Number of protein chains: 2
Amino acid sequence: MKAFQKKDYPLAEIRRYLEPGPIVLVSSAWKGKFNIMTMGWHMMMEFSPALFGCYIWDKNHSFEMIRKSKECVINIPTIELINEAVGIGNCSGDKVDKFKKFGLTPVVGDKVSAPLIKECYANFECRLAEGKLISKYGLFIWEVVKAHVATSPKYPVTFHYRGEGVFMISGRSVSLRKKFKPRNL
Amino acid sequence: MKAFQKKDYPLAEIRRYLEPGPIVLVSSAWKGKFNIMTMGWHMMMEFSPALFGCYIWDKNHSFEMIRKSKECVINIPTIELINEAVGIGNCSGDKVDKFKKFGLTPVVGDKVSAPLIKECYANFECRLAEGKLISKYGLFIWEVVKAHVATSPKYPVTFHYRGEGVFMISGRSVSLRKKFKPRNL
């Protein structure tokens, strides 16, 4: 599988990879066990501190691991991992070691105990910033405390979920930079 | 400009259009005035009721209109409207009538006072479901109470923001339906 070379990335700029809305893999650790879940319900919430919100269903095995550890890593897979992402979303960490089952490599994080997924294009280490709406809405608000992003390609080919088993694959990029006011860039 | 034929759409299925993460146009009404803003920070939060979360910067002219009216319409533009979306994001409703300036048509909603944007592929009428985190995080949680979606094309070509004036245009769709457990579809 492709190995990305990664570098530390400015936290205030991670929106470049999250705002387009790709499917992400959420990795977690609790009591010596790792897990991974596939997630499409997330959004940026602030540049600095780098806040990121996501919805996690309380029936997911990851839910309690993430709620209790108050940490996770948001990993961005590219198209090469689409089958793994679907597989991860269709089995439970209660029964299998998903790193082993899907041939993924856990890498030790710098700031959190949850593992990074080596084979992903980007890894964002997160600490819980706000948990008030977890019980009622399944809403976790994270502060991204460390970002690791591949040095190339500039624009990763990501996949985005349309429901019903159908994914949209990210297409070409266009710059409309000249039409922006500088302060809006 | 292309005119879409639309039909009422099941609320529990609107994720098909929102989960991929497109730029949306948010229309609002307050004290006899309409406004539109361009938005990329949003996510699905529940199928039924159809909950949808978004971040709105409190410096946007739309912020107070939306906070006070407790309503908005989330409109999904297709690639034909990319210049309008950038223009809308780079001027203020404080100074201009954006419907007039960008040649867009306000349509009366069924359930809310905020106008639908006729030229968009889909329009989701929203009522505020939870406002507790507006002040601290700019987070609005909406219940979508009525959905209008174009009858074709099946997969609209949407645009997704990468920051720095660059957009990703949605690409091809692939079905991995056979790899899903039926209950996960």
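Me: Which residue just after helix 2 of chain B takes a positive phi?

Reply: In this predicted model, B:Lys70 follows directly after helix 2 of chain B and has a positive phi of about 60°.

Me: Which residues of helix 2 itself are buried, and how are they arranged about the helix axis?

Reply: A residue counts as buried if 20 or more other C-beta atoms lie within 10 Å of its own. In helix 2 of chain B (residues 61-69), B:Ser62, B:Met65 and B:Ile66 are buried. Viewed down the helix axis, these buried residues fall within an arc of 95°, so they line one face of the helix. The cover over them includes strand 2 (24-30), strand 3 (33-39), strand 6 (71-76) and strand 10 (139-150) of chain B.

Me: How should one read the relation between chain A and chain B?

Reply: Two copies of a chain are related by a rotation about an axis and a shift along it. Here, chain B is superposed on chain A by a rotation of 180° with 0.0 Å of shift along the axis, at an RMSD of 0.0 Å. The two copies are thus related as by a two-fold rotation axis.

Me: How many residues of chain B are in contact with chain A, and which element gives the largest share?

Reply: Contact involves 46 residues of chain B and 46 residues of chain A. Strand 12 of chain B gives the largest share of its side, 10 residues. By class, that side has 21 nonpolar, 15 polar and 10 charged residues. Since 100% of the interface residues of chain B are also interface residues in chain A, the copies meet through the same surface.

Me: How does strand 12 of chain A run relative to strand 12 of chain B, parallel or antiparallel?

Reply: The two strands run antiparallel and are joined by 7 bridges. In one of these pairings, A:Ser175 has B:Val166 as its bridge partner.

Conventions: Residues are numbered from 1 along each chain as its sequence is written. Chains are lettered from A and ligands numbered from 1 in the order in which they are written. This is a predicted model: local features need pLDDT of at least 70, side-chain atom pairs count only at pLDDT 80 or more; totals for chains, interfaces and linings use all residues. Copies are superposed by least squares on the C-alpha atoms of residues with pLDDT of at least 70 in both. Two residues are in contact if their C-beta atoms, placed from the backbone, lie within 7 Å. A residue is buried if 20 or more other C-beta atoms lie within 10 Å of its own, exposed if 12 or fewer, and partly exposed in between; C-beta atoms are placed from the backbone. Helices (H or I, at least four residues) and strands (E, at least two) are DSSP runs, numbered from the N terminus. The arc is that of the directions from the helix axis to the C-beta atoms. Ala, Val, Leu, Ile, Met, Phe, Trp, Tyr, Cys and Pro count as nonpolar, Asp, Glu, Lys and Arg as charged, and the others, Gly among them, as polar. Two strands pair if DSSP finds at least two bridges between them.
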